[in-house]
Structure formats: structure tokens, C-alpha cells
Amino acid sequence: MLSARKPFATRLRRLGALLAAGALSATTLQAVAAGPAAAAGPADHVNYWNGVLLQTFRETEDIGPGPLARSAAIMYVSMYDAANSVLCAQRAADCLGQPYTSKVAGGGDFNTAIDYAAHDALTGVFGPLGFDFDDELTTAQADIPASAQQTAGQSVGQQTAAATLQRRADDHAGDAMTYTPDTAVGAWQPATPSGPVVTPNWGNVTPFVMASGSQFRPDVPGGYQTYAQLLASPEYAEQFNEVKAYGAANSTVRTADQKKAAFFWANDGNGTYKPPGQLLQHTQIVADGQQVPVTSKVKLFAQVATALADASILAWDRKFLGAIDLWRPDMAIHQADRDGNPDTEADPNWEPLSIDAQGRHFSPPFPAYVSGHATFAYTWAEVMKHWFGRDDITYTGTTDDPMASGPRTFTSFSAAADENAHSRLWLGVHWHFDADNVLNPGIELGEYAVDNAMYYNRSDSELLYLHKTGVTNRNECDNTGRQLSNEHRWEFYRCVHSNNRTVFDLYVH
């Protein structure tokens with residue numbers, strides 16, 4: 001773990017990681033190295049704190065995706081409430097939506113508000129683990145002069161972070177995580193009697209938007225109610241032989257591109273930004289490619305982060321709290337002589353493609369069904385489709401996995417999600433139904449998340465949102481209004497054109 005206060009060299013190394021992630025400019029990094037007098041802050045404060053968050057993910061050790069997704073949601077709803085408070089104080093029409101936890105009166109500097117919200121939220125979550133974010137806050141604030149607006153923004157950010165942390169204080173994330181494995185053949189078992197087992201009770205954590213972890217719980221695999229019924233079924237035999245062939249370390253049927261996809265989406269090990277971090281990075285890539293302004297981007301990240309946090313709860317509810325805690329393919333293939341299915345054959349030497357930094361083939365330390373990657377992916381894709389109003393946005397995504405061979409390009413959010421979900425079979429750590437059976441629950445969760453938190457503003461009368469002259473795109477007013485609706489800022493809009501559509505007034509309510 002990190003020390004309470006990072007030495008200067010460590011700080012530059014972490015800021016260098018932010019530079020590589022696009023969260024800082026080279027000029028800013030050089031200024032920090034030169035000394036405080038030359039320092040300059042980031043151009044985009046939302047991207048900056050996303051970079052800080054993902055670098056923190058990389059520096060954590062042996063922390064599951066659930067706690068990381070929770071930390072992202074805490075940071076981003078704190079930032080959202082801070083941003084919303086400042087924008088609402090400017091003008092009612094500028095509000096981003098309903099507050100998640102709180103709305104603070106008085107206004108203030110926008111960037112300062114989100115800087116302090118992010119800093120205090122991250123400190124509240126990661127401070128007990130030895131992390132310190134004071135240097136990152138100093139860098140963020142480097143070119144914001146002291147003023148009454150800066151002081152007010154600081155207060156807003158501190159208040160929204162405090163309110164969010166208080167709201168999550170008793171959410172059961174800190175409860176004791178104990179696990180007694182099922183004894184039936186087919187039940188997942190930890191590598192040793194003492195573990196590791198990652199967050200077995202995470203399904204009991206209070207969701208950010210869902211009513212409970214079981215709200216969208218997928219059915220048992222194949223609809224079979226017992227281990228014996230499942231293992232004896234033809235569906236199980238088919239999936240057994242599929243992953244045995246395609247997921248093996250020495251597979252002769254897996255294509256070169258499937259192998260690339262498997263490692264691209266993996267990000268299971270220490271030193272990577274983990275599965276939630278990868279999707280947060282892809283969110284930033286898409287948002288920047290679509291030129292989402294920073295004032296809107298903070299809400300997009302808050303919607304994505306709360307949905308991902310709930311996706312982790314949904315997945316872990318099914319993994320540990322249902323009737324079947326299904327074993328991983330490696331355990332199943334090694335012990336196939338015990339499964340009672342004549343169409344499966346044991347191979348004690350079989351290994352998955354998945355490999356760690358020490359060259360050891362491994363499976364993640366929790367049950368297979370359902371796939372956390374797939375749950376994250378399908379939920380993320382649905383939120384992104386809602387925000388942008390369409391699915392077919394092409395983007396090139398990145399990865400942290402050391403075995404990956406570089407970025408990959410996707411023509412839609414759904415295409416990225418499908419590849420993410422099924423890459424786990426090619427990696428040899430999941431069954432096909434681990435991905436397929438969480439498709440609809442992930443979509444349902446994504447829809448529910450955007451419809452039940454940070455929702456539309458309310459106004460008793462129409463408000464003028466934008467007056468614009470010199471208009472050259474005849475559809476600009478309608479496009480802007482539709483985007484405000486996609487973002488769940490304003491449910492209805494009305495365009496009034498004049499001067500042969502070169503002038504418009506956009507009203508919202």
C-alpha cells in the first residue's frame with residue numbers, strides 16, 4: 001500500500017501516468033517538475049480526476065471489482081452534485097438534473113467544486129488504505145486564483161462529498177466477507193481452505209440505484225435448480241467442450257483475433273485499472289470523441305459509475321447468493337470424471353489462456369456464474385446508448401492488460417459489450433451462459449439506472465435555455481434539445497426559429 005504522503009518522485013510517476021492517459025498535458029507535467037511557480041492545472045478537470053481514479057485502481061492490490069466500482073460511483077456522484085449545485089446557482093435552466101444526494105446553495109467556481117468533491121471522496125474511500133490525494137488536488141488547482149468564487153466552490157465540493165460519504169457509510173461494503181463453499185460436485189471452491197475469496201457478500205451491499213442486489217437477478221444456468229441437474233444436462237456438456245477447446249492455453253481452434261480480444265478485455269491482475277476502470281476509460285474516449293462538454297461529462301460519468309457499481313452488486317448476488325455457485329472451467333475440466341455426464345472428459349493438465357504477471361495460468365477467485373465482465377459490459381453499453389441516443393458510435397478503446405497487443409476499434413457500444421462478455425470464454429475462465437444469461441439483466445439495469453437517479457429537472461414553467469444567432473445548421477436547435485433529453489436534463493423542449501432559421505430560442509421544461 002502507499003504511504004500516507006507520497007514522496008516527490010512518486011508524485012511525478014503518478015502524474016506521468018495521468019499524462020499517458022490523456023488527463024494532463026505535457027506542459028503541465030513539465031511545470032510540476034519545474035516547481036510550484038510554473039505549475040498549470042489540467043484543461044479538463046473531469047478527465048483529470050478520472051485519470052487519478054484509474055491510477056489509484058492500478059496501485060491497489062487484491063481489491064475486487066465491486067469495491068473499485070463503488071469508489072468510482074462515490075467520487076462521481078460527489079462531483080455531479082457539486083457541479084449541479086454550481087450550475088443551478090448560475091441559472092435554473094443550467095441545472096444538470098435532480099441531485100443524487102444533495103444540492104448546495106450559493107454557487108462557486110465549477111472546477112474548484114468538482115476538484116474538492118473528487119479529492120474528499122477519494123480520500124474518504126482510499127485514505128484508510130494509505131492513499132493521499134493532496135498533491136493531485138494541488139495540481140488540479142494550480143492555475144485557479146484565490147477568490148470568493150474559489151472559496152465558495154471549495155465549500156460546495158467538500159459538502160457534496162461529505163454528504164455522499166455519509167449516505168454510503170452504512171451500505172454494508174465494510175461488513176465481514178465470510179464464505180462457506182457448497183460441498184456438491186460443480187460448486188466453486190477456493191484454491192485453499194483459507195481462500196482467496198473476493199467479496200463473497202458483495203451482493204448484500206446497498207445499491208446506488210437498484211432497490212436490491214437481486215432486483216435483476218438472472219435465472220440459474222440453463223434453468224436447472226441443482227448442481228446435479230445442471231452437470232448432467234446436454235447444455236452443460238456442450239459448453240464444457242466449447243470452453244475446453246476455445247479457452248485452453250494451447251488451443252488450436254481459437255483464432256488469433258479471439259486471443260487478442262481475450263487479453264484486451266482481461267485486466268484481472270494487479271497493476272491494471274481492472275474491468276470497471278477500463279470501461280471508465282472507454283467512457284472518456286467516447287465522450288472526448290463526441291466533444292461532450294465538461295459540464296455535461298460529469299453527469300455522464302456519474303450515470304456510468306453508479307450503473308457499474310450496481311452491476312457489480314448484481315453479478316456478485318448471482319455468483320454467491322443464489323442456488324448455484326458454479327465452478328470455473330479449469331476446476332470442472334480437471335474433475336470431469338465426477339460430474340456424471342458421459343459427454344465430458346477430464347483433463348488434469350488443462351490450463352486456461354488466462355495468465356498472470358508471474359506466468360501462472362489462473363482463474364479469478366470467485367464463482368463463474370454470472371460473468372462480472374459481461375454484467376459490467378452490457379450495463380455500460382445501455383447507459384452509453386441512452387446518453388448518445390444511438391448505438392452505432394465508432395471508437396478505439398485501450399487496455400492495461402500486460403498480455404494485450406494494443407487498442408481495438410468497435411463500431412458500436414453493443415459490439416464492444418458483446419466482445420467483452422464473450423472474451424472470457426476465449427480466456428478460458430467462463431462458460432458461454434455466464435455471458436449470455438446476463439445480457440437482459442444488464443440492459444434492464446442500465447435502463448433503470450438512468451431512469452431512477454439524477455433524473456430530469458423540474459420546472460413549473462418553460463425556461464429559455466439558449467438564444468443563438470448566426471445559425472448555419474437548420475437542425476441545431478432540435479439536435480441540442482434532443483441531447484438535453486438524452487442526458488435527462490430536461491424532458492421537453494421547444495424551438496422557436498426566426499430570420500429564416502438563422503436565429504433560434506430553445507425553451508426547456
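**Disulfides, a three-stranded sheet and a helix pair**

The structure holds 2 disulfides. The model described here is predicted. A disulfide is a covalent bond between the sulfur atoms of two cysteines. Counted along the chain, the bonded cysteines follow the pattern 1-2, 3-4.

One disulfide joins Cys-88 to Cys-95, with an S to S distance of 2.0 Å. Cys-88 has a relative accessibility of 14% and therefore counts as buried, the limit for this class being under 20%. Cys-95 counts as buried as well, at 7% relative accessibility.

The other disulfide links Cys-477 with Cys-495, at an S to S distance of 2.1 Å. Cys-477 lies in helix H18 and Cys-495 in strand S4, so this pair ties together parts that are 18 residues apart in sequence. The torsion about the S-S bond of Cys-477 and Cys-495 is about -105 degrees, and the disulfide is therefore left-handed. Cys-477 is buried, with a relative accessible area of 1%.

Strand S4 belongs to an open sheet of 3 strands, arranged in the order S3-S5-S4 with antiparallel pairing. The edge strands are S3 (463–468) and S4 (493–498), each of which pairs on one side only. On average, and with direction ignored, neighbouring strands of this sheet are turned by 20 degrees against each other. Strands of a sheet pair through backbone hydrogen bonds, either parallel or antiparallel. Between S4 and strand S5 (residues 503–508), the antiparallel pairing extends over 6 bridges. Val-496 stands opposite Asp-505 in S5.

Helix H18, which spans residues 476–486, lies across S3, S4 and S5. The helix runs at about 20 degrees to S5. The disulfide between Cys-477 and Cys-495 thus connects this helix to strand S4 of the sheet.

A pair of helices was examined next. Two packed helices are described by the angle between their axes and the distance between the axes. For helix H3 (residues 45–59) and helix H4 (residues 65–90), the axes come within 11 Å and cross at roughly 160 degrees. Because angles over 145 degrees count as roughly antiparallel, H3 is roughly antiparallel to H4. The crossing of H3 and H4 is right-handed. On the H3 side, the contact involves Val-46, Trp-49, Asn-50, Leu-53 and Phe-57. These residues meet Leu-68, Ser-71, Ala-72, Met-75, Tyr-76 and Met-79 in H4.

Methods: Residues numbered from 1 in each chain as written. Predicted model: local features only at pLDDT ≥ 70, side-chain atom pairs only at ≥ 80, totals over all residues. Heavy atoms only, no water. Pairing = 2+ DSSP bridges. Helix = DSSP H or I, 4+ residues; strand = E, 2+ residues; numbered from the N terminus. Axes fitted to C-alpha atoms, helices over the stretch in contact; angles between N-to-C directions. Contact = heavy atoms within 4.5 Å. Disulfide = S-S within 2.5 Å. Buried < 20%, exposed > 50% of the residue type's maximum accessible area, 1.4 Å probe, protein only. Parallel < 35°, antiparallel > 145°, perpendicular 65-115°, else oblique. Left-handed = near helix turned anticlockwise from the far one by under 90°.
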